[in-house]
Amino acid sequence: MKLTTKQLTLCAVLTALALALSYVENFLPLSLAVPLPGVKLGLANIVTVFALYALGAGQAFLILIARCTLGALFAGNLNALLFSLFGGLSAMAVMALLSRSKHLSLYGVSVGGAAAHNCGQIAAAMLTLGNTAPLYYLPLLLGVSLFTGALTGFAAGLLFRALEHTSLRKA
């Protein structure tokens, strides 16, 4: 895939925005509202959903890989890279497939991505621990993904409405 200078610049800006959102999310006291370990809003996924619809799956995939890799490098945690990649790639694959459906809205695609992200992270946990114990946590995470996926879809929808008059609105 050959990117123009404008596309490459937009991918870089979106990657930086996703990294910033991921960093800011670490300061939100979500554990006070949802006392489940590891639950996050997934604010960086707003960028992934936006990129999927505005730029296409190929560029959204590149942004996701860059965000996961740079985020793990900045945090100095290669274990985080495994979880981030398993979750992110699962979400990206599911959202790319679901976005082709004429029967699903941005919200449905986003909720599907959030659920797939949690499944990918549970797979990473099972691989890391070497057993299936993390599967017991999956139903709780899938319940939370209904909320987080809808929130991500809502935010991406607001972003598209705000950018309706620009050339970024492809979908």
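So, is Gly143 buried, partly exposed or exposed? It counts as partly exposed, because its relative accessibility is 41%, and that falls between the 20% and 50% cut-offs. Keep in mind, everyone, that what we have here is a predicted model.

While we're at that spot: Gly143 sits in helix α7. Go from there to Leu41 and you cover 102 residues along the chain, yet the two C-alpha atoms are separated by 13 Å.

Okay, let me zoom out. The protein chain has 7 helices and 0 strands, so there isn't much to say about the pattern along the sequence: α-α-α-α-α-α-α. On overall dimensions, the C-alpha trace spans about 45 × 35 × 30 Å along its principal axes. The radius of gyration is 16 Å, and that agrees with the value near 16 Å for a compact globule, because the chain has 171 residues.

How do the contacts split up by sequence distance? Take the ones between residues at least 6 apart in sequence: 69% of those join residues at least 24 apart. For the surface people, the chain exposes about 9400 Å², and carbon and sulfur atoms supply 71% of it. Buried residues, meanwhile, make up 38% of the 171.

Now the inside. As a general point, nonpolar side chains in soluble globular proteins tend to be buried together. Here, the largest nonpolar core has 26 residues, and the members that touch the most others are Leu14, Leu52, Tyr53, Leu55 and Ile63. Which helices feed into this core? At least two residues each come from α1 (5-25), α3 (44-55), α4, α5, α6 (106-129) and α7 (138-162). The top contributor is α3, with 9 residues. There's also another core, lying apart from that one, with 9 residues, including Leu41, Leu43, Ile122 and Leu141. Yes, that's the Leu41 I paired with Gly143 a minute ago.

If you want one residue to click on, try Leu52. Leaving out anything up to four places away in sequence, Leu52 touches Ala57, Ala60, Met92, Met95, Ala96, Ser99 and Val109.

Next, Leu36, which is in the loop between α2 (30-33) and α3. Leu36 counts as partly exposed because its relative accessibility is 22%, and the cut-off for buried is under 20%. With the same neighbours in sequence set aside, Leu36 touches Tyr137, Leu140 and Val144. From Leu36 to Gly120 is 84 residues in sequence and 18 Å in space, C-alpha to C-alpha.

Compare Ser84, over in helix α5 (residues 78-98). At 18% relative accessibility, Ser84 counts as buried, because buried means under 20%. What does Ser84 touch, not counting residues up to four places away in sequence? Cys68, Leu89 and Gln121.

And Leu89 takes us to the last stop, on the surface. Together with Met1, Phe61 and Leu62, Leu89 makes a nonpolar surface patch of about 390 Å². Leu62 belongs to helix α4 (residues 57-75) and is partly exposed, with a relative accessible area of 39%. So Leu62 passes the accessibility requirement for patches, because that asks for over 30%.

To wrap up: a helices-only model with 0 strands, a 26-residue nonpolar core, another core of 9 residues apart from it, and a nonpolar patch of about 390 Å² on the outside. Okay, over to you.

Methods
Residues are numbered from 1 along each chain as its sequence is written. This is a predicted model: local features need pLDDT of at least 70, side-chain atom pairs count only at pLDDT 80 or more; totals for chains, interfaces and linings use all residues. Side-chain values use heavy atoms; hydrogens and water are left out. Patches are made of residues with over 30% relative accessible area and no salt bridge: like charges are joined within 9 Å, nonpolar side chains (Val, Leu, Ile, Met, Phe, Trp, Tyr) within 5 Å. Accessible areas come from the Shrake-Rupley method with a 1.4 Å probe; for residues, only the protein chains shown count as cover. A salt bridge is a side-chain nitrogen of Lys or Arg within 4 Å of a carboxyl oxygen of Asp or Glu. Helices (H or I, at least four residues) and strands (E, at least two) are DSSP runs, numbered from the N terminus. Buried means under 20% relative accessible area, exposed over 50%, partly exposed in between (1.4 Å probe, protein chains only). Contact means heavy atoms within 4.5 Å. The radius of gyration is taken over C-alpha atoms; the globule rule is 2.2 Å times the number of residues to the power 0.38. A nonpolar core is a set of buried Ala, Val, Leu, Ile, Met, Phe, Trp, Tyr and Cys residues joined through side-chain atoms within 4.5 Å.
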